[in-house]
Amino acid sequence: MTAARPVVIEARKVSKRFPGVQALTDVDFELRQGEVHGLVGQNGAGKSTLMKLVSGVHTPDAGEVLVDGEELRYGSPRASREAGIAVIYQELTIAPEMSAADNVFLSGGDRPAGWRSLSRLRRRFDELGGLLGLDLDASERAGSLSVARQQQLEIMRALDGRRRVILMDEPTAALGRHEREALYRIIGALRESGIGIVYISHDLDEVLQLCDRVSVMRDGLLVETRPREEASKDALVKAMVGSALATRPPLVADASKGEEVLRVDDLNVPGAAHDVSFSLHRGEILGLAGLVGAGRTEILRAVAGADPRATGQMRIDGQEVPWPRSVRAALRRGIALAPEDRKSQGLVLNRTAAENVVMSDMRDVARGGLISRRRRRAAAAAACGPLAFDTARLDVQVSTLSGGNQQKLALAKWVHRRPRILLVDEPTRGIDVGAKVEVLRVLRHLADDGLGVILVSSELEEVVEAADRALVVAGGRGAGVLEGADLSVDRILQRVFAVEEAA
Amino acid sequence: MSAQATSVRGLFSRYGVRLLRTYGVVLALVLVVILVASQSSAFLTWTNITNLSGQWAAAGIIAVGMTYVIICGGLDLSVGASFSFCAITAAQVAQTTAPEVAFLAAIGVGLVIGTINGMVVTLLKVNSLIATLGTGLILAGLGLVWTDNAPIPVTDEGFARLGQEVAGIPYSGILLVLFLVVGGIVLARTVYGQWVYATGGNLEAASLTGLPTRLVTASTYAFTGVCAGVAGVIAASQLGAAQADFDPDLLFDVITIVVLGGTSLTGGFGAMWRTAVGIAIIATLDNGFNLLNLDPNFQDIFKGAILIGALALDSYAQRLARAREG
């Protein structure tokens, strides 16, 4: 079906080298009109580099990128825009203080230099919204919209320039289930209108559901492109990892639970959590399961002392303690938080890996206040050991590392400090399959060492797989604890929807 | 041929950018020194250089403190006013008591000023530019009121001691080197220094890691206050007098020194050796203009152009580095 449609973008034998890395080698790639083309591969496989070549951000070292049969002018965002190519990056480019409509028509709409007719812009805004089946208020401040809505603004922006190609880099990574469904519908509408879409995602189920064709990348090569009908999850995973097929280590829980290390009663965070209670045992991974916006992150932050508005009762080892009013107070009680966004909240990007790891506790790396580089390196290497982080990279600036490696460092930081209770917020977001397994294995390893771990993840499958018990959260309230055979995605969703319907 | 070109470009983007970003400022210093030395034989002499160290001690010592503030992600615009105020304090107290007491009083006042700055920024959460602009204005006004805008001369001979020399080197120059060395070691090698970098590099990550970020931030202003106190004492001692609005160029010189050295105004990146190089460049240029009898008015034009040039170069190198990572 798609084969009959004309090709919009074609990359012919493109190669790109960065210092120290051959990012792409002789890649052939094509996108047809009205096609959703999935692009999958592990982190570092070259997906993003390929997108940057196709969108004209980078210049290929060899090969060429053709748009409608003519070579693209590289290095000029303007030329790409005129060629009808839009990119929606994982990190959104929304100006939070401007209105929704102003964000969509950021480049000035159809009259870049001229007088802006507000009523015309508003009409055009509603038109675009209608096209996508969206109901957005043009005058709403963009910063107060949810991430999903902001993303919809970006899609509208892409549509406004009469684009024919939209490249989406992990658009669903930050979305909840409902929001994903909405995005799928939008993508369906875009496809119908003849727009070609390249869709990068780590979620293979999603790719198989959504895409007409799927291309797999590995180590800078495009290893295969096949129509959806001929693709399966297993085949994709095999193609992604190549011959070195990772055997999944079992993540089974040790059935013997330790004593209660943390008990939280009647936790309240204004506007986010109401009367939430739960307990956590030594050696246990407790999942907080729920949809985005259910209050999971807020609960974690409150327990970690990062939200001064929180109130509630806390018991540690059965002893009543005052609610921690600061991160430092929580740390003194042995509670540590690995936050949701490792780049903006977890790591100091322009310092080295080793410096970041030991940041959490420098008592052992300094003598008389002076830091010993040797001790720092040794301590960091020791903390990174269980995480399979390449210690040769300890002296590298964190900003140059991949998402998976950054996440390992964000955890290594707490391995180094050895808290008694570790709160982990979305540790596997945006990292590849291999790194995901490793991160979850480390959490289990830490629990086996006697830590109590609380895990928040948007991927319910992951909670089911990795946690011993799960507290279901919906609408800021606890909706029961599931464990054993009851801990399944279906049961979690049942609980969630029971609350949502009651509300 | 194309492969050849690629590899040369590759080599440049691999090593060139990093070297340029790291040592471009040293290269600039070497060029400026060669330029001035080739035009004037008086420049590279022991006497001239030790004189310069005394001349630039006040601005240099404040720049040491400012380096901490900027790496920690802030900026202190009150240093010019607090410098003058501390100098006045020294001169006023010296009217009635021993010079040593006057010196300590001035440094103590500097500490108080810096602590107040730090508290306004961290506790009242006022943007550091506005906070220190405000305290600077207040201090400048207080200084004028206190002195009636007249110079305060000091007759006590002991008061002038800091402006004198030992073994041909001015005390003030020795103090400058001491501040640079100790300030540099603390910044680069201690736990506290790491906290300063982390707080400036990513405030949220630092505070979620449990670092005492507010204390760290406030301490950089307090230290800068002390530096302004020491600088004020040095200047008052050198002149044997003090005055409100002592040195209107001081604030600009201090910021130029730190930024020219390559310490980033976005916080989290920088080093004390950079500030030392910054001092050397500014002192060399200034001295060059004097030695060559050039119109001093051109000097400001030149300084401004150099400052913009340095920042543009740094931002270019950063963009190259980022492109390499992406």
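Here are three short exercises on this predicted model, each with a worked solution.

Residues are numbered from 1 along each chain as written, while chains are lettered from A in the order in which they are written. Local features need pLDDT of at least 70 and side-chain atom pairs count only at pLDDT 80 or more, whereas totals for chains, interfaces and linings use all residues.

**Exercise 1. Describe how helix 5 and helix 10 of chain B cross.**

Step 1. Find the two helices: helix 5 of chain B covers residues 99–122 and helix 10 of chain B covers residues 213–239. Helices here are DSSP runs of H or I with at least four residues, strands are runs of E with at least two, and both are numbered from the N terminus.

Step 2. Take the distance and the angle: the axes come within 7 Å and cross at roughly 150°. Axes are lines fitted to C-alpha atoms, for helices over the stretch in contact, and angles run from 0 to 180 degrees between N-to-C directions.

Step 3. Name the arrangement: the two helices of chain B are therefore roughly antiparallel (angles over 145 degrees count as such, under 35 as roughly parallel, 65 to 115 as roughly perpendicular and the rest as oblique).

**Exercise 2. Work out the order and the edges of the four-stranded open sheet in chain A.**

Step 1. Read the order: the strands of chain A run 12-11-14-15, with antiparallel pairing. Two strands pair if DSSP finds at least two bridges between them.

Step 2. Look for the edges: strand 12 (273–281) and strand 15 (319–321) of chain A each have a single partner strand, so one side of each has no neighbour in the sheet. From one strand to the next, the twist averages 15°.

Step 3. Zoom in on one pair: strand 11 (residues 260–269) and strand 12 of chain A are joined in the antiparallel sense over six bridges. Here A:Val264 stands opposite A:Phe278 of strand 12.

Step 4. Add the helix: helix 9 (residues 296–303) of chain A lies across strand 11 and strand 12 of chain A, at about 115° to strand 11.

**Exercise 3. How many residues of chain B are in contact with chain A, and which helices supply them?**

Step 1. Count: 24 residues of chain B are in contact with 29 residues of chain A (contact means C-beta atoms, placed from the backbone, within 7 Å).

Step 2. Assign: helix 1 (2–39), helix 8 (191–201), helix 9 (203–208) and helix 13 (296–325) of chain B each supply at least two residues of the side that touches chain A.

Conventions
Two residues are in contact if their C-beta atoms, placed from the backbone, lie within 7 Å.
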